[in-house]
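Reader: Hey, I've just opened this one and don't know where to look. Can you walk me through it?

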Amino acid sequence: MIGPADAQAETERVVFIDDEAEVRRANGQSLELEGFAVETFAAAEPALAAILAAPPGVVVTDVRLPGLDGVALLARLRRIDPDLPVILITGHGDIRMAVAAMQEGAYDFLAKPYPAEALVGSVRRALERRRLVMENRALRARLDAAIEEDPAFLGTSQEIVSLRALVREVAQADVDVLVFGETGSGKEVVAGALHRWSRRAERNLVAMNCGALPDSVVESELFGHEAGAFTGALKRRVGRIEHAQGGTLFLDEIESMPLPLQVKLLRVLQERKVEPLGTNEVRPVDMRVVAATKVDLGQAAAQGTFRDDLYHRLNVITVTIPPLRDRGDDVLLLFQHFLRRAAERFARPVPPVTPAIRDHLRRHAWPGNVRELGHFAERCALGLAAAQPAAEIAAGSLTDQVDRFERQLIRDELIMAGGDVRAAAEALGLPRKTLYDKMARHGLTPGDYR
């Protein structure tokens with residue numbers, strides 16, 4: 001397939017093929033007067049060589065040519081690049097040939113004699129389509145490259161290869177998705193990939209952490225409100241659901257959503273309509289919902305902490321992210337990736353991966369998954385990891401290890417944020433009050449990190 005290199009130049013060029021010199025001159029002149037760059041050829045073979053050397057934005061060719069005819073050229077170009085627009089022209093007005101050519105993938109069909117405006121209009125539309133195709137190709141290439149750098153997808157284990165393939169397939173299905181994974185496993189990355197790889201990629205990806213907002217504001221944030229809907233509602237606010245119109249709504253920590261709001265969300269999912277606070281107006285919404293959770297919602301539903309009907313509505317397709325401890329050699333690959341990135345960020349040389357670090361990577365259970373591994377890599381890049389050897393990190397009960405990990409994680413974020421609790425809370429996805437409570441329990445003071 002012809003690649004997107006130098007897309008701007010490519011999408012402005014027109015190749016025109018006709019064995020009659022006067023037709024080539026007149027049509028070439030008409031196109032040039034409209035600002036198009038035109039190359040004319042008397043036969044298909046030299047034109048094909050030029051197309052392969054420097055792909056144009058559109059090809060206009062007569063059907064009746066010496067040697068390789070226009071229909072055969074169309075077939076050849078379709079094999080090279082099925083998205084390259086080809087406009088066929090003929091002096092015979094053969095309707096059956098026109099229908100057959102369109103079925104074979106011709107962009108348009110013009111019967112001689114045709115006005116110059118018809119040719120110019122067809123070429124302009126074809127070039128616009130080509131521009132969109134090339135822009136989408138470039139975008140897909142950039143997105144694919146970026147996805148390969150995302151922690152949740154970087155690796156060669158069968159678990160991550162299967163996850164990557166599943167997410168690509170599900171993204172095209174345009175159904176609501178439930179993403180299940182432990183803390184720090186990359187649920188938000190999977191949600192982003194589901195959006196970027198879907199037909200909704202050009203619209204908004206709207207995220208909301210259901211556990212990071214007080215119950216008193218969650219409803220307004222999600223559904224929106226009209227001016228005067230409640231005390232303090234001075235103006236209309238568009239909720240996250242409406243803002244996701246045409247795109248994707250990502251609800252993280254869906255298990256934290258208050259039960260009364262779960263009823264309203266269920267109605268939105270079933271009817272694809274939203275009713276903001278303070279109005280009886282019902283507004284249609286077209287969106288995909290990706291909900292993420294770190295708990296078993298089926299068990300939560302059985303215990304009455306999550307609505308059973310909402311669970312079954314969300315559980316059409318479930319994407320389960322494997323924990324880092326089950327990904328084998330991916331741990332070292334991810335660590336090296338994070339280490340290089342951290343060293344670049346801190347403007348330091350990449351430190352060596354010592355046998356002690358390798359041993360820690362192999363033995364540690366990584367309860368914080370990819371997020372914990374990333375922070376460990378940052379500590380290594382800063383030369384801070386030596387203070388906490390593998391044996392010490394892994395010692396004690398699971399509760400002790402989790403407490404130690406939580407303290408280290410909060411400490412790291414305070415270091416990165418220069419003691420700014422607001423920034424650290426945002427990075428950790430916690431309300432500031434919750435972070436302050438945890439800091440007090442672990443004996444951490446913001447002033448020590450400024």
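**A sheet and its neighbours**

Author: Sure. This is a predicted model. It has an open sheet of five strands, ordered 7-8-11-6-12, with parallel pairing.

Reader: Which ones are the edge strands?

Author: Strand 7 (205–209) and strand 12 (317–320) are the edge strands, and each of them pairs on one side only.

Reader: And how many degrees are neighbouring strands turned against each other on average?

Author: On average 20 degrees in this sheet, if you ignore direction.

Reader: Okay, what about strand 8 and strand 11, how many bridges do they have?

Author: Four bridges, in the parallel sense, link strand 8 (residues 248–252) with strand 11 (residues 288–293). If you want a spot to click on, Leu251 stands opposite Ala291 of strand 11.

Reader: Which strands does helix 7 touch?

Author: Helix 7 (residues 158–171) packs on the sheet and touches strand 6 (177–180), strand 11 and strand 12. The direction of helix 7 makes about 155 degrees with that of strand 12.

Reader: Switching topic: is strand 3 mostly covered or mostly uncovered?

Author: Mostly covered. Strand 3 spans residues 58–62, and five of its five residues are buried. On one side you have Val58, Val60 and Asp62, on the other Val59 and Thr61, so to speak both faces are covered.

Reader: What does strand 3 pair with?

Author: Strand 1 (residues 13–17) pairs with strand 3 in the parallel sense over four bridges. Strand 4 (residues 86–90) also runs parallel to strand 3, joined by four bridges.

Reader: Which residues stand opposite each other there?

Author: Phe16 stands opposite Val60 in strand 3. Towards strand 4, Thr61 has Leu88 as its bridge partner.

Reader: Now helices. At what angle do helix 3 and helix 4 pack?

Author: At about 15 degrees, with the axes of helix 3 (residues 44–53) and helix 4 (residues 70–80) 11 Å apart. That angle makes helix 3 roughly parallel to helix 4.

Reader: Is the crossing left-handed or right-handed?

Author: Right-handed, as helix 3 passes helix 4.

Reader: Which residues make the contact?

Author: Helix 3 brings Ala44, Leu48, Ile51 and Leu52, while helix 4 brings Leu73, Arg76, Leu77 and Ile80.

Reader: How many of those are nonpolar, and how many charged?

Author: By class, the contact of helix 3 with helix 4 has seven nonpolar residues and one charged residue, with no polar ones.

Notes
Residues numbered from 1 in each chain as written. Predicted model: local features only at pLDDT ≥ 70, side-chain atom pairs only at ≥ 80, totals over all residues. Heavy atoms only, no water. Axes fitted to C-alpha atoms, helices over the stretch in contact; angles between N-to-C directions. Helix = DSSP H or I, 4+ residues; strand = E, 2+ residues; numbered from the N terminus. Parallel < 35°, antiparallel > 145°, perpendicular 65-115°, else oblique. Left-handed = near helix turned anticlockwise from the far one by under 90°. Contact = heavy atoms within 4.5 Å. Nonpolar A, V, L, I, M, F, W, Y, C, P; charged D, E, K, R; others polar. Buried < 20%, exposed > 50% of the residue type's maximum accessible area, 1.4 Å probe, protein only. Pairing = 2+ DSSP bridges.
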